[in-house]
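Biologist: Hi! Could you open the model so we can walk through it together?
Modeller: Happy to, here it comes.

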Amino acid sequence: MNDLSSVPQSEPKPERQRKPDWIRVKAPTSKGYGETRQLMRDLKLNTVCEEAACPNIGECWTKKHATVMILGDTCTRACAFCNVKTGMPGRVDVDEPAHVAEAAAKLGLEHIVITSVDRDDLPDGGASQFVKVIEELRKNTPSTTIEILTPDFRGKMRPAVEAIVTARPDVYNHNLETVPRLYPTIRPGARYYASLRLLEEVKNHDPSIFTKSGVMLGLGEERLEVHQVMDDMRSADIDFLTMGQYLRPTPKHAEVKEFVTPQAFNAYGAIARAKGFLQVAASPLTRSSYHAGEDFAEMRAAREARLAKGRK
Ligand code: SF4
């Protein structure tokens, strides 16, 4: 079914933003979770799983899937949806690339997702650290596929993207996060069209790299605005779209305007597929890196199938 008007868009907003049943997850307790946590501590690595208080951490870490956040734990931006702390970050850790590679080897990762805080204070925005991490991973765990999720490198986007793309990650992800109308309140330090251009730039440099982007729903966006974002992404030749429910990390952050139902997520997913994305993940608990390895394998197979049929 492709018509969202025929499915319930949302439940009425619960009192005091109580989460609906489909959002609740179990507290993490497994042995695998504990081992992943200990390894991250031992190697002094930050993860977005913890910093963003991700609801999937129990499931992901039990399966030894963690998203490493490089370049420190302090971000130079203050987005209204994000739980990562804001301030003046410290020195770049020169051992970090080797530690990321060690973590990938010890966790036995087939696919790794690397992200970072925004580092507007650095001359290259932190691009060279992404390059070093990719190089270390290629050297130490050559069969691990690499997905990076970068900031927008405001004011230095072109050289940053060129450097990272030259290092050849398998997937380049940069999230648009929300619809353009909500940027001034939700993502005030960023520009919607600059983020789109970044993703276009990746494809211009190397069309073989998969591009990926995501939006959070429940921030007050309208259905047609979401469809427009999908069209904008397809115009930028983005391969993979993720859509998940925004959850408010603390009362200081932007409020949840609605809890989008699983049915509405399914309908959005069907529309996105019809618009030609190679891969779509749309559910309340979808996050950029959720099931990233399995989704990457499916996306690669989908591209091969399209190429076999003579389509781009
Ligand atoms: S979905 Fe991503 S951020 Fe959340 S726990 Fe899993 S890997 Fe970490």
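**Ligand site and helix pairs**

Modeller: Let's start with the record: UniProt, in an unreviewed entry, places the feature "binding site" at Cys49, Cys54, Cys60 and Ser289. Keep in mind that this is a predicted model.

Biologist: Thanks! How far apart in space do those binding site residues get?
Modeller: They cluster in space, with a largest C-alpha distance of 10.5 Å, although they are spread over 241 residues of sequence.

Biologist: And which residues come nearest to the ligand?
Modeller: Cys49, Cys54, Cys60, Ser289 and Tyr290 come nearest, out of 13 residues around the ligand.

Biologist: Which elements give two or more residues to that shell?
Modeller: Those are helix H2 (48-51) and helix H3 (57-62). Cys49, for one, lies in helix H2.

Biologist: What's the make-up of the shell by class?
Modeller: The shell around the ligand has eight nonpolar, four polar and one charged residues.

Biologist: New topic. Which residues does the "domain: Radical SAM core" annotation cover?
Modeller: According to UniProt, again an unreviewed entry, that annotation covers residues 61-278. The span is 38% helix and 17% strand, and its end C-alpha atoms lie 27 Å apart.

Biologist: Let's look at some helix packing. At what angle do H4 and H5 cross?
Modeller: The axes of helix H4 (residues 96-107) and helix H5 (residues 127-140) cross at roughly 40 degrees and come within 8 Å.

Biologist: Why do you call H4 and H5 oblique?
Modeller: Angles under 35 degrees count as roughly parallel and 65 to 115 as roughly perpendicular. With a crossing of roughly 40 degrees, H4 and H5 are therefore oblique to each other.

Biologist: Left-handed or right-handed?
Modeller: The crossing of H4 and H5 is right-handed.

Biologist: Who meets whom there?
Modeller: From H4, there are Glu96, Pro97, Ala98, Val100, Ala101, Ala104 and Ala105. They meet Gln129, Lys132, Val133, Glu136, Leu137 and Asn140 in H5. By class, this contact of H4 with H5 has eight nonpolar, two polar and three charged residues.

Biologist: Nice. What about H6 and H8, how do their axes run?
Modeller: Helix H6 (residues 157-166) and helix H8 (residues 192-205) have axes that come within 10 Å and cross at roughly 40 degrees. H6 and H8 are therefore oblique to each other, and their crossing is right-handed.

Biologist: Which residues make that contact?
Modeller: On the H6 side, Met157, Arg158, Val161, Glu162 and Val165 make it, and on the H8 side Ala194, Leu198, Glu201, Val202 and His205. The contact of H6 with H8 has six nonpolar, one polar and three charged residues by class.

Terms used: Residues numbered from 1 in each chain as written. Predicted model: local features only at pLDDT ≥ 70, side-chain atom pairs only at ≥ 80, totals over all residues. Axes fitted to C-alpha atoms, helices over the stretch in contact; angles between N-to-C directions. Helix = DSSP H or I, 4+ residues; strand = E, 2+ residues; numbered from the N terminus. Parallel < 35°, antiparallel > 145°, perpendicular 65-115°, else oblique. Left-handed = near helix turned anticlockwise from the far one by under 90°. Contact = placed C-beta atoms within 7 Å. Nonpolar A, V, L, I, M, F, W, Y, C, P; charged D, E, K, R; others polar. Near = placed C-beta within 6 Å. UniProt positions renumbered as here; feature names shortened; annotations may be inferred.
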